[in-house]
Structure formats: C-alpha cells, structure tokens
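Trainee: I have a new model open and could use a hand reading it. Could we go through it together?

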Amino acid sequence: MGRQVWYITTPIYYPDDSLHVGHAYTTVAADALARFHRLLGDDVLFVTGTDEHGQKIQKKADQAGKVPLEFVTPIVEWIRGSLWKRLGISYDDFIRTTEERHYRVVQTIFQKLLDQGDIYKGVYEGWYCLPDESYWTESKLIDGKCPDCGRPVERVQQESYFFRLGRYQSQLHDYIEAHPDFIQPPSRRNEMLNFIDAGLEDLSISRTGVSWGIPVPGDPDHVIYVWFDALTNYITAAGYLQDPAKFEMVWPANVHLVGKEIVRFHTVIWPVILMALGLPLPHRVFGHGWLLIGQAKMGKSLGNAVDPIQLLDRYGVDPVRHYLLREVPFGADGSYTEDALILRTNVDLANDLGNLLSRTTAMINRFSGGVVPAFIAGEDDGVLSGEVASVHREVKVAMDQLAISDALTSIFRLVGRANKYIEEQKPWELAKTGQTTRLNNVLYGLWETLRVLSVLLTPFLLETPGKIRHQLGLDEPVKNYDEAMFGFKAAGVAIQRQAALFPRLERPKREADIGDDSKTPEITPEDFQKLDFRVGTVRSCEVVDGADRLLKLTVFDGSRERTIVSGIRQHYQPDQLVGQQVVLVANLKPVKLRGILSEGMLLAGSQGDLLSLVAPLDRLPEGARVK
Ligand code: ME8
C-alpha cells in the first residue's frame, strides 16, 4: 500500500450569496487542523469548494436576471480570491461542482447504482420544501411545515428516481455501532442512530422542473438531486475514477468537518452511497455547533450574517482566527459578539502573550546585553521545561480529538505560567543581588518558552508566530511540531526587540454605564433589560494569592468559560463551589482585580456578616437568562 494522505474537508458552500462568519468558522477550524497535521509531517489534502447546482441557486440567478453559472462565478471568485485568501485558508484543492471532473464522476456513479438496482425510477407523491430541496412524507411534517426549517411545503406528484436507502439500514446501523468515532461529538451519534432506527425510506434523488443541475444519464428531463451531487465532491476531489493511485492514497477521508444541521446528510445518505459503491466510509464526520446571534443561528436568510471581511479590516487576521478557534468549545453552540472578540484579543493576545514577549525581550536587553545567555542545565528548576513538555502533549491529544479550543487553552496556560514565573523569580532582584546563573537560566527559559509558543501557535495564527520569532532573533520558519520542546541551542542569539505584538483594542463607544449614580435611583423596565443575568456553573475555583477576600472562579456560561474574581473568600471554601450553579451578570464591563481580568460578577445576597450566593432552585441549562 502507498503512503496514506491525511484528508480533511469542509462542506462545499452554496455561492448563492456572500459567505459569513459562520462559514469562516468551519473553514478556519479545518485550516488549523490541516496546518497542525502538516506540522506533524503528515501529507495533507485539505479540500473546500462550492456547491453550485440546484433550485435555490437557479432561483437566485433568475432574480438577478443571469444564467446560473454567470451568477455564481463572481461569488466563487470572491470566496476563493478574497475571503479565503485573507483568512489564510491553506486549502490544497478548491472544488466547484460545475467542473467537468465532478460532472463525470456524478453521472458515472449514478449510472452504476442504477445498473445494480440501488436506484430505480418511480413516482413521487408527497410534500416538497423548496428552500431545502427536500421531499417529506405526511407523517414527517411538523404542524404541516418542513421539519428541518419550519417553512411551508407544497404538495407534489412527479416521476422521480429513488435511491434504496432502506436496503442499507441495518448495515449502516451496525457500522455506526462498531465505529464509535465515525460520528462526533457522541450526542450527534445517538441522534443519528435514533433517526436510522426509525426507518430509512427510499430517497428521491432526481428533480424535474429544474434545469440547473447534472442531468440523469440518458434521461435529461431529470436532474440529479443537489445533495447526491454535492456529497460526491468528496470522492471527486480525492481522484475517484480519474486518478486511481491518488484515490488509493487519499480515500477514505480522515475528517469531514460540517455544521450540525447537515450531519444527517453526511452520516446517512453519504455512507449509503459509499456502501453501494463498495467504498470505505470516512473515518470521522464531526458536526460542530452554530455561531449564534442572541439565540438565533447566524445565517444568510435571517439577515443577521456578519461579514468576515469587515472584521478582518477592523481587527486583522490573527485576532479573528484566534477568536473563532478559541472562544467556543468546538462542537458546542456559542454566541458571537464583537465585544467578545475584542476582549479575547485584549486578554490573550495583547495582555498575556504580548506582555510576555515584551517583558522577556526587555529583560534580555537590560540584563544580558540583548543576547540570549547560556543555560546551565544542572542549575535549572525545570518549571518552564516541564510545563512545555505537558503542553506539547496536551495540544497533540486535543487536536487528535478535534478539541481545537482546548488546544489553545493549553497553549495560553503556558503563556500564563511563564508570566507568573517572571513574578516568582523577579529577575530584577536576581540581577541586583548578583545571582547570575539563576538569572541567566530564567532569561533563557523565558526565551525558550516564547520560541516554543511560536511553534505551538503556528497552526492557529498566521502572522504572530513569525513576529514572535523575529523579535527572538530567529528568522527561519517553523518546520516541525517537535520544535515545540526545550533544547534549542540559543546562547548568543541576538534578540530584536520591537513594538508591541498587539495593540490593545478599544471597545466601540457605548451609552453611559449603568449604576453611575451613588444613590439607587428608580429605573425603568428598559433599564432592567440592559442587565444580562445568566445561570452558570462553576468549573473551578481557587484562592487569589495575597488577597484574603478574593476567590478566582472559572464559570461556564453556556457558551464559554469566564474568569470571575469575587470577594467571597471569607464565606466559601474553593472546593465547596465547584459544580455549583450561580447567577452572573454577563454584560458587566470587565475589570482587573489583582492583575486578573474579571469578566462578570456573581450575584449574592448579604446582610451584616451573612452572605449567600444566589442560585436557581432547580438546575437550569447554563446560559439560561434570569429576569
Ligand atoms: O449546507 N455557525 O452549504 P451552506 C456555524 N452546500 N457554522 C455555520 C453557520 C453558523 N451560524 N452558518 C453556516 C450547505 N455555517 C451545503 C453543503 S456539503 C456536501 C454541502 C457553516 O452554504 C457550517 O459548516 O448552507 C454549515 O454546515 C455550512 O456553513 C453550511 O453552508
């Protein structure tokens, strides 16, 4: 067998309109995974593209007075030449379903399935959802509407080709049972098993009355259903029926990354097509959660889509990528807000990482003439090298599980540890008291940690790793993940201290903050609405060194973990609070307390010496609003 390629895909997007931050979310995640695997030395194939056929596109083109190909081409060019370029998407292949290579594959496999009896011609009678291009039986409708999107359906009766999904029901069930990694996260797996066990009906896979699509071979009144066409892109791009040697190396795909709403297409229809073709199934289909605006999914049709280009213009590529990759645990839904992007950038990039670099290079200038001092291994405390070794391991494990935000959390824990190490070691005092060996080891360790960070951050951020390396006096690019370990021969390297890595971002100007008055004035219901109280769960809690009143808590608020510093230490032991539900003020302007940025406040009742945190009487989902 030839060398195996690590193959990752995104959905191919509909070029019926500009793409938004939701599309960028999937694609940046796939890009980070692809870059990580290249760093590991894997031979990577990363494919994205556009899904250009179907009624929806045809309708949009008609409205614009254009033929469909003319309508979609400028949008596709914008996606490829502008959007993905500016986000640094390192795809190896961009597939358009209107390409000749794809056309041939779709027609050939349709014919093959027809010949072997997996596809047959019949008459379809039932309900049709135009926006989703899907057929529904009476029993699947919810309140007479499309069960997927809730929009009205129309009654149709027409000739159609059908795919015998039902034939493969038990084979598919058994496959999913036997391959726990196939559908991820696990909650989606159970959902799909229930769907399959409820019975798979034969699927209509052709449309009449639509001209914009790939015709059924020998029966051009029918065009092939857009999802059959679209899913097949994954094997077209792998070289199926065109380049057998390539296909052998590339297929099956390692990961199909998709949004949760299209997991069903990828874990029911797609595997059955592959089974019918006698091809192996992809190793993993990962259905990630949605970016929400308020409670609603960000989407083209809802008019709440955020333009990624505007964000890139305003904040630059690394803050946008960092926010998308770090903010929401990959798999869960999460709210998108620009404020959160600003906060993420300021806390992680400007404060923690930027300060570490700035302090380290300043100290190397001041105490070591601008060159990295020699390291005396026997004298080292091993603190930073130990932390680096753990983070190197953790990031690999997290990325194997596609837990991208966890990988970044580990990386930024290393940043935090190194900053704390400066406070503990006080290099300025070591210099004053002439403890040169110790001082040199500390400076060397900090420089090494920053070098390691430049390696670890390479899959996630585009410009920052190079900027860090430049300031460290290293100009050659990162080549391999194992460079993220202590052991570089750094002595004598001259650093190049420069301006701050990230300027602090200012929040857009807001109305005056609530609560400026010293008395408690009457407020209106509108004023009250401005307060965002949410239920959260305490994930961890620790004392704040040197502050006898403060506890530092990590609270999960339904979309992310926040750090909250609270003056309740005299009332609660840290262990007591872990796992407890609390109510937090979620839209309070963050403040720094003892050098820790506190992102919210916990509600507590108090009188005299008594204090009690406020919690819901019954457990509620995190993020539940309190009003
Ligand atoms: O479904 N949050 O294309 P599409 C997170 N052509 N991800 C989001 C999102 C959000 N609010 N909105 C969109 C199609 N996405 C088909 C796919 S594949 C063979 C055919 C992302 O343009 C997410 O990955 O509607 C979602 O699955 C995809 O965009 C849908 O893109």
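Here is how a trainee and a mentor talked it over.

Trainee: How many helices and strands does the protein chain have?

Mentor: Keep in mind that we're looking at a predicted model. Both kinds of element turn up in the protein chain, and the count comes to 20 helices and 26 strands.

Trainee: What radius of gyration does the protein chain have, and what would a compact globule have?

Mentor: Start from the length, 627 residues, for which a compact globule would come out near 25 Å. The C-alpha trace spans about 90 × 65 × 50 Å along its principal axes. The radius of gyration of the protein chain agrees with the globule value, at 28 Å.

Trainee: What share of the 627 residues is buried?

Mentor: Buried here means under 20% relative accessible area. On the outside, the protein chain exposes about 27700 Å², with carbon and sulfur atoms supplying 50% of that. As for the buried residues, their share is 52%.

Trainee: Why is helix α13 largely enclosed by the rest of the structure?

Mentor: Helix α13 covers residues 338-368. It's largely enclosed because, of its 31 residues, the number buried is 22.

Trainee: Where does α13 bend?

Mentor: Follow the helix from 338 towards 368 and you'll meet a bend of about 35 degrees. Don't mix it up with G369, just after α13, which takes a positive phi of about 60 degrees. The bend itself is at G354.

Trainee: How far apart are the mean positions of the positive and negative charges?

Mentor: The protein chain carries 69 positive and 81 negative charges. Take the mean position of each set, and the distance between them is 4 Å.

Key. Residues are numbered from 1 along each chain as its sequence is written. This is a predicted model: local features need pLDDT of at least 70, side-chain atom pairs count only at pLDDT 80 or more; totals for chains, interfaces and linings use all residues. Side-chain values use heavy atoms; hydrogens and water are left out. The bend at a residue is the angle between axes fitted to the seven residues ending there and the seven starting there. Helices (H or I, at least four residues) and strands (E, at least two) are DSSP runs, numbered from the N terminus. Buried means under 20% relative accessible area, exposed over 50%, partly exposed in between (1.4 Å probe, protein chains only). The radius of gyration is taken over C-alpha atoms; the globule rule is 2.2 Å times the number of residues to the power 0.38. Accessible areas come from the Shrake-Rupley method with a 1.4 Å probe; for residues, only the protein chains shown count as cover. Lys and Arg count as positive and Asp and Glu as negative; His and the chain ends are not counted. The place of a charge is taken as NZ of Lys, CZ of Arg, CG of Asp or CD of Glu.
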